[in-house]
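Let's go through this model together and ask how each label is earned. Here it is, for you to follow along.

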Amino acid sequence: MVQDLEKRDIRKLKLDELKAFFVEHGEKPFRAQQVYEWLWQKSAKDFDQMTNLSLPVREMLRTHFVINHIRVDKMQRSEDGTIKNAVMLHDGMIVESVLIPTEKRITACVSSQVGCSLACKFCATARLKRMRNLNPDEIYDQVVAIKEQAELFFNRPLTNIVFMGMGEPLLNYNNVLEAINKITDPKGLAMASKRITVSTVGVAKMIKKIADDGVKFNLAVSLHSAIDKTRSSIMPINDSTPLEELGDALRHWYAKTKKKVTYEYVVWKGINDKEEDARALLKFAKIIPSKVNLIEYNSIDDPTFQQASQESLRMYQEILESNGITARVRISRGKDIDAACGQLANK
Ligand code: SAH
């Protein structure tokens with residue numbers, strides 16, 4: 001018997017490789033198709049679920065492979081209906097994912113890395129060291145788990161997916177893309193790309209790359225300030241990728257994809273709550289077609305950061321909207337269980 005550690009993660013194999021495996025082991029190649037369906041379309045967690053395979057075939061698979069399925073280790077429910085999952089990975093590491101129900105949508109907010117390397121000063125995840133990238137199947141499984149919860153607890157389908165959990169998706173791009181390909185594949189979850197949003201701190205080089213790749217998902221950029229000095233003081237990424245470079249990458253994005261970008265923006269007292277901040281945002285927001293989500297600050301117990309006043313938010317909205325930029329104030333969900341934006345920290 002081969003040790004578990006030596007067994008291969010079966011979901012790392014492409015369909016062709018799985019076919020080759022079956023042929024090599026004296027089986028018909030169509031078995032691969034069946035297994036592939038179990039693995040992706042039906043999210044099987046165990047070979048024993050594959051009931052259209054004979055027992056010896058299942059046993060043969062078990063001696064060679066493992067299914068490294070995630071496990072929802074702990075589930076918390078907010079009074080507003082939001083569900084936060086602590087998700088245990090095969091190596092014992094934990095990430096969090098969130099189900100956000102609204103009247104029209106059920107959104108899955110998923111993680112792309114264990115921890116994060118970006119050190120944004122206002123974000124709780126930044127306090128966790130980046131340990132590793134998630135594999136495509138680990139990202140896919142988070143979506144499946146939330147899809148099942150949507151059906152079980154709300155009797156509704158999952159409608160949207162946002163890569164706004166832990167980690168920076170564009171620093172784990174290949175795996176994120178592979179997961180998205182499976183999520184949108186008719187042989188996977190068959191969800192529409194336009195229902196998927198990838199949120200980035202603004203890795204300019206990667207924004208250009210995804211534009212060149214012609215991706216079909218939506219892009220959100222966590223901007224928080226359109227003034228270099230301010231942005232650098234709260235988001236270290238801005239030192240290596242200043243706003244001008246980010247703007248260039250976004251021009252490239254629009255030229256290639258013809259898709260609007262969404263800016264995520266928190267307004268903090270004394271940091272970016274002046275008219276000049278809003279005017280700078282307006283100027284930046286006009287670089288390519290865009291809209292702005294003014295998101296509520298979720299406290300992470302650092303006195304430097306305080307939610308700005310309602311007046312400041314109105315000032316922002318007025319300046320943006322009167323100049324043709326849609327700006328919506330987004331109320332946080334799941335704050336009571338630390339499930340809101342920026343609060344995911346495996347507490
Ligand atoms: N690394 C990606 C994905 C994380 S998305 C990114 O930066 O976009 C999480 C979103 O929540 C980002 O827009 C982030 O800037 C925002 N955020 C982080 N901390 C927050 C906080 N304390 N309150 C509100 N939003 C926060």
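Q: What makes S199 a polar contact of the ligand?
A: An N or O atom in the side chain of S199 is 2.6 Å from an oxygen atom of the ligand. A polar contact is a pair of N or O atoms within 3.5 Å, so the pair from S199 qualifies. The protein covers 95% of the 540 Å² of accessible area that the ligand has on its own (Shrake-Rupley method, 1.4 Å probe).

Q: Before we go on, what kind of model is this, and which pLDDT do local features need?
A: This is a predicted model, where local features need pLDDT of at least 70 and side-chain atom pairs count only at pLDDT 80 or more, while totals for chains, interfaces and linings use all residues. Residues are numbered from 1 along each chain as its sequence is written, and side-chain values use heavy atoms, leaving out hydrogens and water.

Q: Which atoms make E264 and N298 polar contacts of the ligand?
A: For E264, a polar side-chain atom lies 3.0 Å from a ligand oxygen. For N298, a polar backbone atom is 2.9 Å from a ligand nitrogen.

Q: How do you know that R127 and I300 share a polar contact?
A: A polar side-chain atom of R127 lies 3.0 Å from the backbone oxygen of I300. Within protein, one atom must be able to donate a hydrogen and the other to accept it. R127 also touches D301 and D302 (heavy atoms within 4.5 Å).

Definitions and conventions
Lists of a residue's contacts leave out its neighbours within four places in sequence.
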